[in-house]
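Please open the model in your viewer and keep the sequence panel beside it, since each stop on this tour begins with a selection. The tour moves from one selection to the next and says what is there.

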Amino acid sequence: MTNVAIIFSMIPMALGRGQGGERLSPMAVVAIGGIFSSTFLTLFVVPVLYSLIESVREFVTQRVFKQHVPDKVLASDQT
């Protein structure tokens, strides 16, 4: 939510209107792009990668032990 507020508040600076706008515009565009890309990575890419790694871990565990290991057993090993 705060990232959306930051992005919207930097839009006037990115448009480059007013005195000195042509100097500050590139910085605002880069800041908006960085905030957008970091938000996208945090909300979408990291959970997808975590899910894929978890699926691979379950697959490997089933192949190595040749049986189904319940999630409760795997979770108790980590604590």
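## A partly exposed phenylalanine

Begin by selecting F44, which sits in helix α2, the helix that covers residues 21-65. Bear in mind from this point that the model is a predicted one. F44 counts as partly exposed because its relative accessibility is 48%, a value that lies between the limits of 20% for buried and 50% for exposed.

Keep F44 selected and add F36, F40, L41 and L43, and you have a nonpolar patch on the surface whose five named members, F36, F40, L41, L43 and F44, together offer about 540 Å² of accessible area. In soluble globular proteins, nonpolar side chains tend to be buried together.

Now reduce the selection to F40 and F44 and show their rings. A search through the whole structure finds one aromatic pair, and F40 with F44 forms this pair, in a tilted arrangement with 5.3 Å from centre to centre and 40° between the planes. Both F40 and F44 belong to helix α2, where they are four residues apart, or about one turn of the helix. F40 is likewise to be read as partly exposed, because its relative accessibility is 42%.

## The whole chain

Clear the selection and colour the protein chain by secondary structure, which shows three helices and zero strands, in the order α-α-α when read along the sequence. If you then switch to a surface display, the accessible surface of the protein chain comes to about 6,600 Å², and 70% of that belongs to carbon and sulfur atoms. Of the 79 residues in the protein chain, 14% are buried.

## The nonpolar core

Which residues make up the largest nonpolar core? Select I7, M10, A14, A28, I32 and I35, the six residues that form this core. The elements that contribute two or more residues to the core are α1, which covers 2-15, and α2.

Within that selection, centre the view on I35 and display its surroundings. Setting aside residues up to four places away in sequence, I35 touches N3, I6 and I7.

## Where M13 faces helix α2

Move next to M13, which is located in helix α1 and which counts as partly exposed because its relative accessibility is 31%. Once its neighbours within four places in sequence are left aside, M13 is in contact with L24, S25, M27 and A28.

One of these contacts, S25, is a useful next selection, and its place is in helix α2. Is S25 buried or exposed? S25 counts as buried, because its relative accessibility is 14%, and buried means under 20%. Not counting residues up to four places away in sequence, S25 touches M13, A14 and G16.

Three distances taken from M13 can be checked with the distance tool, each of them from C-alpha to C-alpha:

- S25 and M13 lie 12 residues apart in sequence and 5.8 Å apart in space.
- M13 and V29 are separated by 16 residues in sequence and by 8.4 Å in space.
- R23 and M13 are 10 residues apart along the chain, with 9.8 Å between their C-alpha atoms.

While R23 is on screen, note that R23 is also found in helix α2, and that it counts as exposed because its relative accessible area is 64%.

## The salt bridge

For the last stop, follow helix α2 to R57 and E54 and show both side chains. Side chains of opposite charge can pair when their charged atoms come close. Here the side chains of R57 and E54 meet in a salt bridge, with 2.3 Å from N to O, and the count for the structure comes to one salt bridge. R57 and E54 are separated by about one helical turn, because they stand three residues apart in helix α2.

How accessible are R57 and E54? R57 counts as partly exposed because its relative accessibility is 28%, and E54 also counts as partly exposed because its relative accessibility is 22%.

Technical notes:
Residues are numbered from 1 along each chain as its sequence is written. This is a predicted model: local features need pLDDT of at least 70, side-chain atom pairs count only at pLDDT 80 or more; totals for chains, interfaces and linings use all residues. Side-chain values use heavy atoms; hydrogens and water are left out. Patches are made of residues with over 30% relative accessible area and no salt bridge: like charges are joined within 9 Å, nonpolar side chains (Val, Leu, Ile, Met, Phe, Trp, Tyr) within 5 Å. Accessible areas come from the Shrake-Rupley method with a 1.4 Å probe; for residues, only the protein chains shown count as cover. A salt bridge is a side-chain nitrogen of Lys or Arg within 4 Å of a carboxyl oxygen of Asp or Glu. Buried means under 20% relative accessible area, exposed over 50%, partly exposed in between (1.4 Å probe, protein chains only). Contact means heavy atoms within 4.5 Å. Rings of Phe, Tyr and Trp (its six-membered ring) pair if their centres lie within 6.5 Å; planes under 30 degrees apart count as stacked, over 60 as edge-to-face and the rest as tilted. A nonpolar core is a set of buried Ala, Val, Leu, Ile, Met, Phe, Trp, Tyr and Cys residues joined through side-chain atoms within 4.5 Å.
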